[in-house]
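Trainee: I'm new to this one. Could you walk me through its aromatic rings?
Mentor: Sure, let's have a look together.

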Amino acid sequence: MHPREQTIFALSSGRPPSAISIVRVSGPQAGAALISLAGKILVPRMATRVLLRDVKQRPIDDAMILWFPGPASATGEDVAEFHVHGGRAVVAALFAALSAFADVRAAEPGEFTRRAFENGKLDLTEAEGLDDLIHADTDRQRRQALRQLKGLLGDRARNWRAQIIEASALIEAGIDFSDEGDVPQELIAPAVAKIKTLLGEIQEVLAAQGRSERLREGLVVAIAGPPNVGKSTLMNALARRQVAIVSPHAGTTRDIIEVQLDLDGYPVTVIDTAGIRETDDPVEQEGVRRARARAADADLVLWLVDAQHEIDPDEGAAPVWVVRNKVDLDAARYERAGQRVDAAMPSQPGSVFQQNLAGADFGISASRGDGIQELVTALVAFAQKYFGSGEGGLIGRERQRKLLQETAVSLERSVEVIGDSEELAADDLRAAVHSLGRLLGRIDVEDILDVIFREFCIGK
């Protein structure tokens, strides 16, 4: 039997031990397995309490079970759910009982969602939204993923695709009636108007995106600078917990330390790097090399210095903020022409400072907390500017953006050539339809399905 025709099962809740564990079963043998374990036929979509028994009638657990006959189920197949007590032994016994049935096996990562996709319950944009929702760490990521799961992009893409097909039909009809005098123009003119309208809608969606797909991955902020200026202390202050070792000895941080933060709903990865200096220690040299490389790949660099370490930051593509630490020890040094951070940080959004976040200059005391809140406020403002209008956008992944760009290019080309060759314009419209089909996952996507669904957890 082909693996896709087999019945699959998996734990769909958190790892045991837990109060309740949910085991899902999907496939043609789900009903038979359920009746065998429960000892009776169940009413669809009604929770029923039963004593589960294995094939040898040995009790497994006192459980709640649900029965969802296909195609009216999450996967489009027959689906059974077992809500059992969440002990490891209980789950293991249920798994063993399910494995005893012919053509019933443990599911692979993402296999439930892939079956839902293959059975038309989800398009590919909705499946990607589900994956993003599962992995969302912040509220903004959650809201963006939920929009994808609700099918907002998929619905628009299906509508665009249907209208392009209509326009293509008009153009091809014009080609067929090319000997009928005025008939071709009467058909082609409304097709061109439709194409231009669709092109404008797609371009509007693309223009509104900014870097919305980066909301999935988050903003990367690297704390860099010379040794012993308080980088690890600042890391701990931003994280509000001890994530990095703090020591008065230079070179304590040898490797890169990362912490995930939620700043006003924006996902931010803060990186503590090794102190950048010349050294003969081969281990520290490797740490410095990694620090320079990681800072070069960051979206923002916080270059930390103090009164004893006035070292210019490395040049790079990312914006660099100079953060002057230990202002409590040398306050006079940082009162430069009224540029103390507490005076220079306006609270009103849209200020000159917030419009020119690159090259900002801050004074803080990482150990006491002075200026930390102002720095966090500036990071939130930077994230708002960096992600732009991404939260309200439809596109969540680079794959989606590229396919929409391909669609727009094909539509533009069709408008340009339609006056010279209706045949070429029709070919370009077919290319646009094909790109939207790939976006939805309905055409020529076998090469990417494995990549997408293997990122899911087992049980989804």
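**Rings and their neighbours**

Mentor: Start with Y386, which has 10% relative accessibility and so counts as buried; the term means under 20% relative accessible area, with exposed over 50% and partly exposed in between (1.4 Å probe, protein chains only). This is a predicted model, where local features need pLDDT of at least 70, side-chain atom pairs count only at pLDDT 80 or more, and totals for chains, interfaces and linings use all residues. Residues are numbered from 1 along each chain as its sequence is written, and side-chain values use heavy atoms, leaving out hydrogens and water.

Trainee: What makes F382 and Y386 a stacked pair?
Mentor: Rings of Phe, Tyr and Trp (its six-membered ring) pair if their centres lie within 6.5 Å; planes under 30 degrees apart are stacked, over 60 edge-to-face, and the rest tilted. F382 and Y386 have 6.3 Å between centres and 15° between planes, which fits stacked.

Trainee: And why is the pair of W321 and F362 called tilted?
Mentor: Their centres are 5.2 Å apart and their planes sit at 40°, so tilted is the word. W321 is in strand β11 (residues 320-324) and F362 in strand β12 (residues 361-363), 41 residues apart.

Trainee: Why does W321 count as buried?
Mentor: Its relative accessibility is 0%, so W321 is buried. F362 is buried too, at 2%.

Trainee: How do you know that R140 lies over the face of Y266?
Mentor: The rule wants NZ of Lys or CZ of Arg within 6 Å of the ring centre and within 35 degrees of the ring normal. R140 is 4.0 Å from the ring centre of Y266 and counts as lying over its face.

Conventions: Helix = DSSP H or I, 4+ residues; strand = E, 2+ residues; numbered from the N terminus.
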